[in-house]
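Got the viewer open? Let's walk through a few spots, one selection at a time.

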Amino acid sequence: MLETDPTVTSKLDLARDLSLRDGIAIVVGTVIGSGIFLAPGSVARQLPSFTAVMLVWVLGGILTLFGALSLAELGAAFPGAGGLYVYLRAAYGRAVAFLYGWGLLTLIHSGSIATLAVAFGLYLSQVVPMSLAAQRATAVLVIVLLTAMNYSGLRTGKRVQNIVTFCKVAGITLLIVLLFSAAKVQHSAPAAAASKSLPLAVGAALVAILWAYEGWHVVSFTAGEFKNPTRDLPKSLLWGALALALIYVLANSAYYAVLSPGQIQQTDQAAATAVTVAYGGPATVLVTTLILISILGATNGMILTGPRVYFAMARDGLFLKAFGRLDERSRVPRLAIVIQGIWASGLTMIGSFQDLFTYVIFTAWIFYGLSVLAVIVLRFKQPLLQRPFLVPAYPLIPVLFVFAALFIAGVTVVNGPLHALYGIALILAGLPVYWIAFRRESPGQSSGLDLE
């Protein structure tokens, strides 16, 4: 029987071992994966003008910053583990919060881990030729190894995150410097005109860009492990979002300093193509290595953060009791970490890279919009709630983010209706589970469901 020892549950809590530096490393290290190296080609095909491309990358950064500022208010007001799950529960009740946690485990978070791991196998095969089966086996191995590291404790997980984040930021900085040093104007391959209407083209470009920004919110899941969450969680979100926007704009500017818009349109590997044009084929090993390091950091960040949500849900009586159990020595939710790893490994075996991230983007942005809307909802529902940090320009920033989330979700439906349908169907499949297993529980009565 999966069951929590009530004495252990009551005495143990998550270790408060995260600093501001760790929080920024989680934000930056989790977000920067493969997107910044791969997405520019897709964006250029939607918006062939350099000015339009740069404006949309800036827009993605602004949206991320708006979301980060909104979550900073919620995170400072609710400084426990769980992040978006906690904010959704406070604003909309247990059913919506459960569906988010269910969606996180079944698709959104686990799917992101699987997508990143599949991308790792894909890019490793460019260095070491591998069959498709070997690539998928590599993806599973990455998930297993990083899961094992986080299973051993928070300190191991955060050290891996800090080291890999430093390496990837240093590598991207070197890449940007090298490309600007080789800057030249290209005229040989003029850009083709976009075939879609401007709103759909901007929306399609934003979907690709927001995959590159995906993961900025996950640091909120670990709020219960910050030494000073009311101070350092908002700062982690703010400085992390600003750093990401700066890195992404500079990287794209560097690509266009070497390649013409037409050349970028013709490649799905803008960084590698730019380095090849500037320094020759052998230099692309640098980019491939950088991509692999970046993917490892993003995968580790997702594996580290997700189980904290399932832990919080179990403590609230909205998940299996055993998910709320902490190991006495490591003080991490080991079962939640293991189940997440097993499920993410399974997801690597189904769907393509494109399918996986489309499912994730659509379903995730529905909940991002609801979470930011919770800033406004809770201002009315709980006006006396202590808010150590207030989102500036309220309510303009939350409102603009919510409209953007609706726009992104709508564009995803138009561009891939079946993907959107599959994603929402998997989320709604959690409703029967909630009604049968958890609806009658109240937070004070039970710490979760027993399975015998």
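Start by selecting Glu 225 and Arg 308: their side chains make a polar contact at 2.9 Å (a pair of N or O atoms within 3.5 Å; within protein, one must be able to donate a hydrogen and the other to accept it, and residues adjacent in sequence count only if both atoms are side-chain atoms). Bear in mind that this is a predicted model, where local features need pLDDT of at least 70, side-chain atom pairs count only at pLDDT 80 or more, and totals for chains, interfaces and linings use all residues. Numbering runs from 1 along each chain as its sequence is written, and side-chain values use heavy atoms, with hydrogens and water left out.

Stay on Glu 225, which sits in the loop between α9 (198-212) and α10 (229-258); helices here are DSSP runs of H or I, at least four residues, numbered from the N terminus. Glu 225 counts as buried because its relative accessibility is 0% (buried is under 20% relative accessible area, with a 1.4 Å probe and protein chains only). Beyond neighbours within four places in sequence, its contacts (heavy atoms within 4.5 Å) include Leu 14, Asp 17 and Leu 154.

Next, select α12, residues 270-279: Ala 270, Ala 271, Ala 272, Ala 274 and Val 275 are buried there. Show α3 (35-46), α8 (154-181), α10 and α13 (284-315) too, since the buried residues of α12 pack against them. Just after α12, click Gly 280, with a positive phi near 95°.

Last stop: select 426-428 in α17 and 430-432 in α18, where Leu 426, Ile 427 and Leu 428 meet Gly 430, Leu 431 and Pro 432.

How values were computed. Helices (H or I, at least four residues) and strands (E, at least two) are DSSP runs, numbered from the N terminus. Buried means under 20% relative accessible area, exposed over 50%, partly exposed in between (1.4 Å probe, protein chains only).
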